[in-house]
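Trainee: Could you show me how to read some features of a protein model, taking one at a time?

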Amino acid sequence: MNVLLENKSAVIYGAGGAIGSAIACAFAREGAKVFLVGRRLAPVEAVAREISNAGGTASAALVDALDEQAVEKHLSMVAEKADGIDISINAIGIPQQKVQGISLVDLSAEHFALPITTYTQTTFFTARAAARYMIKQKTGVILTITATPARMVASLVGGMAPAWAAVEALTRGLAAELGPEGIRVIGLRSNAIPETETIHEANSSQGKAVGMSQEQFTAQLAGMTPLRRLPTLGEVANVAAFLASDQASAMTATVANLSCGFLPD
């Protein structure tokens with residue numbers, strides 16, 4: 001059976017989280033050797049065991065993706081072990097308490113800046129580190145993750161919308177500079193994924209702010225899409241695997257729209 005990522009090495013940051021673990025499992029299923037990274041080792045090791053039990057190849061490491069020296073040190077070890085780095089994806093998340101569900105006029109400067117600083121820095125650190133190895137190979141794929149508020153008129157999302165918009169701008173800038181080196185850079189822009197704890201937190205905060213329960217707010221979001229539903233973790237992971245594969249070799253400097261039609265292109 002042909003697999004999309006046979007003989008590829010992939011580094012997944014935030015691999016202990018819902019999105020990161022789903023993508024890690026999809027990559028492994030498609031034949032990649034996956035190197036899982038997280039700030040807490042236990043969840044990452046659990047994902048690695050799940051992949052290994054399914055016949056895949058996975059290893060786990062404790063790395064803070066906001067520590068550029070730690071990122072570079074870990075990637076050096078991965079590149080030596082795997083004889084290069086083919087795919088890098090950053091799927092880290094941050095707690096949403098005091099970040100979403102508060103109007104901008106009432107939001108503290110600290111909590112407004114938190115997602116902007118966190119997501120832009122970690123994406124830059126991990127992409128830059130991977131790119132340096134990929135340039136030597138003249139091939140590679142860097143994937144980023146954002147969400148629909150990067151492109152829509154959204155209230156009560158605080159600094160998350162500008163953070164995601166900045167990551168998308170960084171994705172395009174990296175693609176422009178790295179394209180001549182044979183490296184593709186692509187984003188995945190998802191609508192809210194109900195299976196994730198981050199979305200549960202965010203929808204609870206935003207729902208409370210407008211007098212709705214988390215379930216009611218989530219249902220409202222789903223009802224606003226042409227498909228009358230929200231994307232699943234499996235769908236996001238499958239698209240990530242496709243984009244990382246040679247089947248998507250003509251795609252770069254773009255963002256995959258996983259909004260279930262909420263954001264038309």
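Trainee: Is cysteine 25 buried, exposed or partly exposed?

Mentor: The general idea is to look at relative accessible area, where under 20% means buried and over 50% means exposed. In this model, which is predicted, cysteine 25 has a relative accessible area of 22%, so it is partly exposed. Cysteine 260, with a relative accessible area of 10%, is buried.

Trainee: How many disulfides are found in the whole structure?

Mentor: A disulfide joins the sulfur atoms of two cysteines through a covalent bond. When the whole structure is searched for such pairs, the number found is zero.

Trainee: What span should helix α4 have, and how far apart are its end C-alpha atoms?

Mentor: The general idea is to allow 1.5 Å a residue and to compare the result with the distance between the ends. Helix α4 runs over residues 109-137, which makes 29 residues, so it should span 42 Å, and its end C-alpha atoms are indeed 42 Å apart. A helix can also be checked for bends, and α4 has a kink of about 25° centred on alanine 131. After α4 comes lysine 138, which has a positive phi, near 65°.

Trainee: Which residues does threonine 120 touch, once residues up to four places away in sequence are not counted?

Mentor: Leaving those close places out, we look for heavy atoms within 4.5 Å, and for threonine 120 this gives Pro115, Ala163, Ala166, Val167 and Leu170. Threonine 120 itself is found in helix α4, and it is partly exposed because its relative accessible area is 22%. Its side chain also reaches the backbone oxygen of threonine 117, at 3.4 Å. For distance in space, take threonine 146, which is 26 residues from threonine 120 along the chain, while their C-alpha atoms are separated by 11 Å.

Trainee: How many aromatic pairs does the structure hold, and are the planes of the rings stacked, edge-to-face or tilted?

Mentor: Here one asks how far apart the ring centres lie and at what angle the planes meet, since under 30 degrees counts as stacked and over 60 as edge-to-face, with the rest called tilted. The structure holds one aromatic pair. It is formed by phenylalanine 124 and phenylalanine 125, whose ring centres are 6.2 Å apart and whose planes stand at 50°, so the pair is tilted. As for accessibility, phenylalanine 124 counts as partly exposed at 37%, whereas phenylalanine 125 counts as buried at 11%.

Conventions: Residues numbered from 1 in each chain as written. Predicted model: local features only at pLDDT ≥ 70, side-chain atom pairs only at ≥ 80, totals over all residues. Heavy atoms only, no water. Helix = DSSP H or I, 4+ residues; strand = E, 2+ residues; numbered from the N terminus. Expected span 1.5 Å × (residues − 1). Bend = angle between axes of the 7 residues up to and from the residue. Phe/Tyr/Trp six-rings, centres within 6.5 Å; stacked < 30°, edge-to-face > 60°. Buried < 20%, exposed > 50% of the residue type's maximum accessible area, 1.4 Å probe, protein only. Polar contact = N/O pair within 3.5 Å; in protein donor to acceptor, adjacent residues only side chain to side chain. Disulfide = S-S within 2.5 Å.
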